[in-house]
Amino acid sequence: MKLSLAPLQGFTDLVFRRAFAKHIGGIDQFYTPFLILQNGDSLKSSHRREVDPNVEENLIPQFIGNSLKEFIFFRDYLIELGYSKMNWNLGCPFPMLAKKKKGSGLLPYPEMIEEILSDGLDDRIELSIKMRIGYESSEELETVLNVLNKFNLSEIIVHPRLGKQMYKGDVDLEAFGRVLILSKHPVIYNGDICNMEDYQQRLEQFPNLEQMMIGRGLLQDLFLPLKIKGEELPTAKERLALLEKLHGEIYDSYTSYLSGDTQLLSKLKPMWEYFSANFNNDRKVYKAIKKSGGMKKYNAAVAFAFQQGVKE
Ligand SMILES: Cc1cc2nc3c(=O)[nH]c(=O)nc-3n(C[C@H](O)[C@H](O)[C@H](O)COP(=O)(O)O)c2cc1C
């Protein structure tokens, strides 16, 4: 099974991806969180850093938007950097973007999707699409897939929830089954794979899947990809040491370009929303991190986390 890391804005940035690939591994394909153009024709410096072609392997940058001009700007920018693959986000449910017909908010407007694909595709760079099964209703699915089927796409990645659901409710596996029947493109499954049981259930239901994408489940168990791949796991002690290296590298990277403790803490603390689940007594760990008001307290909370040991 080929595995990719789902992009999570605020969590899976360059710093995390690089540290994860170096210390843990098991992921074949990485994606940037969505990148937005400023004034339609430039990338802000943190987003330029995200797509630096000299830093990471197997990275696919992700565009979000609904304007052909912006799509073409982003596409050409990536081609110039040497990328051969890009991804278009038709899945983001955040109301601020969806209301503006971006992300999953574009799914009810298949004619706009068609216009961008008709004039925006270019032989020099492959396009994949990451999408939900609709915004208001999964009845949107058929029309959208009919449009996508007219074009050459490398694959479609489907998180089978509606945009309006955000992250609530269950994934709609019946609708995902329809995608497999209706799409002429390779389909990647994404959504709620948090442990081996989830993975095996999906595979039993859809035995022809060749690739899955994992997000929150990976952050909560950083060794899940290695488990899925059936690789021999390091011992609990070794895993703890690897997590310590990963955290140390993330800490040092942010320290090198952020100024001041407030900025540093605003980057480091949120990752523990998921990262704490890797440790025993995870609730206590997360509480200690959340409460820590300065670097000294943060470092003490991190030491407490590592004293608890990793979960089996
Ligand atoms: C905090 C957060 C940020 C996200 N940011 C992005 C993003 O930038 N681009 C994107 O395509 N999906 C984004 N997603 C959606 C995930 O990539 C993924 O589709 C979703 O979490 C379901 O997969 P999972 O259950 O394995 O996490 C985000 C999800 C969360 C929870």
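**Reading pockets and domains in a predicted model**

Over residues 5–292 the chain is 45% helix and 14% strand, and the C-alpha atoms at the two ends of this stretch are 29 Å apart. The model is a predicted one.

Student: Which feature does UniProt place at residues 5–292?

Tutor: The UniProt record, an unreviewed entry, gives "domain: DUS-like FMN-binding" for residues 5–292.

Student: How should empty space be read, and what volume does the largest pocket have?

Tutor: Rolling a probe the size of a water molecule over the atoms shows where empty space is left. In this model, the largest pocket holds about 530 Å³ of space. Its lining comprises 30 residues, and those closest to the pocket centre are Pro7, Leu8, Gln9, Lys130 and Tyr167. Two or more lining residues come from each of β2 (29–35), β7 (126–131), β10 (211–214), α9 (216–220) and α12 (261–275).

Student: What is the make-up of that lining by class?

Tutor: The lining of the largest pocket has 16 nonpolar, nine polar and five charged residues.

Student: Which residues does UniProt list under "binding site", and where do they lie with respect to the largest pocket?

Tutor: The unreviewed UniProt entry lists Gln62, Lys130, His159, Gly215 and Arg216 under "binding site". The lining of the largest pocket includes Gln62, Lys130, His159, Gly215 and Arg216. Lys130 is also among the residues closest to the centre of this pocket. Gln62 belongs to strand β5, which spans residues 59–63.

Student: What can be said of the second largest pocket, its volume and its lining?

Tutor: The second largest pocket has a volume of about 340 Å³. It is lined by 18 residues, with Gln9, Ser46, His47, Glu50 and Lys267 nearest its centre. The elements contributing two or more lining residues are α1 (14–23), β2, β3 (37–38) and α2 (45–50). Helix α2 provides the largest share, four residues. By class, this lining has eight nonpolar, five polar and five charged residues. Gln9 is named near the centre here, and Gln9 also appears among the residues closest to the centre of the largest pocket.

Student: Which domains does the domain assignment give, and how is the contact between them to be read?

Tutor: The size of an interface is often given as the accessible area lost when the parts come together. The assignment divides the chain into domain 1 (2–228) and domain 2 (236–308). Their C-alpha centres lie 28 Å apart. Across the interface, 18 residues of domain 1 are in contact with 18 residues of domain 2. The area buried between the two domains is about 1,700 Å², and carbon and sulfur atoms give 67% of this area.

How values were computed. Residues numbered from 1 in each chain as written. Predicted model: local features only at pLDDT ≥ 70, side-chain atom pairs only at ≥ 80, totals over all residues. Heavy atoms only, no water. UniProt positions renumbered as here; feature names shortened; annotations may be inferred. 1 Å grid on protein atoms, 1.4 Å probe; cavity = no way out; pocket = protein on both sides within 12 Å on 5 of 7 lines; lining within 4 Å. Points joined across faces, edges and corners; volume = space filled by probe spheres on them. Nonpolar A, V, L, I, M, F, W, Y, C, P; charged D, E, K, R; others polar. Domains from an automatic or database assignment. Contact = heavy atoms within 4.5 Å. Buried area = accessible area lost by both parts, 1.4 Å probe.
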